[in-house]
Amino acid sequence: MSEDKEAQEDELLALASIYDEEEFHQAESAQGGEMQLCLELPPDFKIIFKGEKQTEHNVCFLPPLVLNFELPAFYPSTSSPVFTLSSKWMTRAQMSALCRRLDDLWEENEGCVILFTWIQFLKEEALDFLGIQSPLEFIKGGSKACSERRKNDQAATALTQGGSLSENAEEKKREVKKEKCEAQLSLSSHLDPRAVLSMDPRADLLPQLLDFDEEQRQRVFDSKVFGCGICFVEKMGSHCICFKECQHVYCKSCMTEYFQIQIRDGNVQCLNCPEPKCTSIATPSQVRDSKVETYLYVAVFVYSSKVSLQLNTYS
């Protein structure tokens, strides 16, 4: 086995040991694979959709940036990996800038394995490199979905509105960062063919972003341990329910009993949080998770029958 082949095998084995199957999939027929890279968002990250009506949403996760790669015979001694980048929410100009940065990282480390360096850059530094900040803005209903950062007021305006000197300095810092980002993107007038849009730009992007964020939040919740607010037993999140508005957590066993009591008492339209004076309402998916659907359907049927009988009596 050649030194290049051995280095490739070791690198692929290392990636498989570091990342789970949802993040890294190794190709079966070639020396290569696919990485699903969820970029690390700062706390309280927001997305704004502009159209006929502007909406704002807090998200913890955005759909992954996908790195597909193949390792040529003379990698890493003389050849760079052959790769493409694809995304549902980045523009081709942004991905083209990232492609060039990956090329630069290879030139800086030519002769060494590079995939892990690429992956770390994309996951941890891509947003900063592109100057993407919260709120991330998307224009809805145009000929293509495009994102843009909210433009900051000028420093003088900030001062006239009572901004502090530190805020003024921070404003200038953001402007410098913005100019640097625009310089990077201006190089993308020639779009890199390795930068690929993974969805139809005419499609509605918002539901896909929110659904992905919800799925990832649930995965994180399922993997943690929580104390039930009713029985006080610690259980995995996968066996618990968290009310979205108030963030109160209870195990599914306790919630099944609690919902059944509420249903028997005639409360079939709004199954609320058990915390006293809390007005949070269970979502349909949480009602399904508590396995009281059949019980609820029977109660609704009985309730509707009683109402119908009363109406017939007075008619």
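The following exercises concern side-chain contacts and cysteines in a predicted model.

**Exercise 1.** Determine how the rings of F24 and F69 are arranged, and state which parts of the chain the pair ties together.

*Solution.*
1. The search of the whole structure yields eight aromatic pairs. One of them joins F24 and F69, with 6.4 Å from centre to centre and 5° between the planes.
2. Ring centres within 6.5 Å form a pair, and planes under 30 degrees apart count as stacked; the pair of F24 and F69 is therefore stacked.
3. F24 belongs to strand β1 (residues 24–26), whereas F69 belongs to strand β5 (residues 65–70), so the pair ties together parts 45 residues apart in sequence.

**Exercise 2.** Classify F24 and F69 as buried or exposed.

*Solution.*
1. The limit for a buried residue is under 20% relative accessible area.
2. F24 has 6% relative accessibility and therefore counts as buried.
3. F69, at 6% relative accessibility, likewise counts as buried.

**Exercise 3.** Identify the residue that lies over the face of F121.

*Solution.* R101 occupies this position, at 5.9 Å from the ring centre.

**Exercise 4.** Establish how many disulfides the model contains, and examine C240 and C251.

*Solution.*
1. A disulfide is a covalent bond between the sulfur atoms of two cysteines. The criterion requires these atoms to lie within 2.5 Å.
2. For C240, the closest cysteine sulfur is that of C251, at 6.2 Å, which is too far for a bond.
3. For C251, the closest cysteine sulfur is that of C254, at 3.4 Å, again too far for a bond.
4. The count is zero disulfides.
5. Both cysteines examined are buried: C240 has 5% relative accessibility, and C251 has 1%.

Key
Residues are numbered from 1 along each chain as its sequence is written. This is a predicted model: local features need pLDDT of at least 70, side-chain atom pairs count only at pLDDT 80 or more; totals for chains, interfaces and linings use all residues. Side-chain values use heavy atoms; hydrogens and water are left out. Rings of Phe, Tyr and Trp (its six-membered ring) pair if their centres lie within 6.5 Å; planes under 30 degrees apart count as stacked, over 60 as edge-to-face and the rest as tilted. Helices (H or I, at least four residues) and strands (E, at least two) are DSSP runs, numbered from the N terminus. Buried means under 20% relative accessible area, exposed over 50%, partly exposed in between (1.4 Å probe, protein chains only). A charge sits over a ring if NZ of Lys or CZ of Arg is within 6 Å of the ring centre and within 35 degrees of the ring normal.
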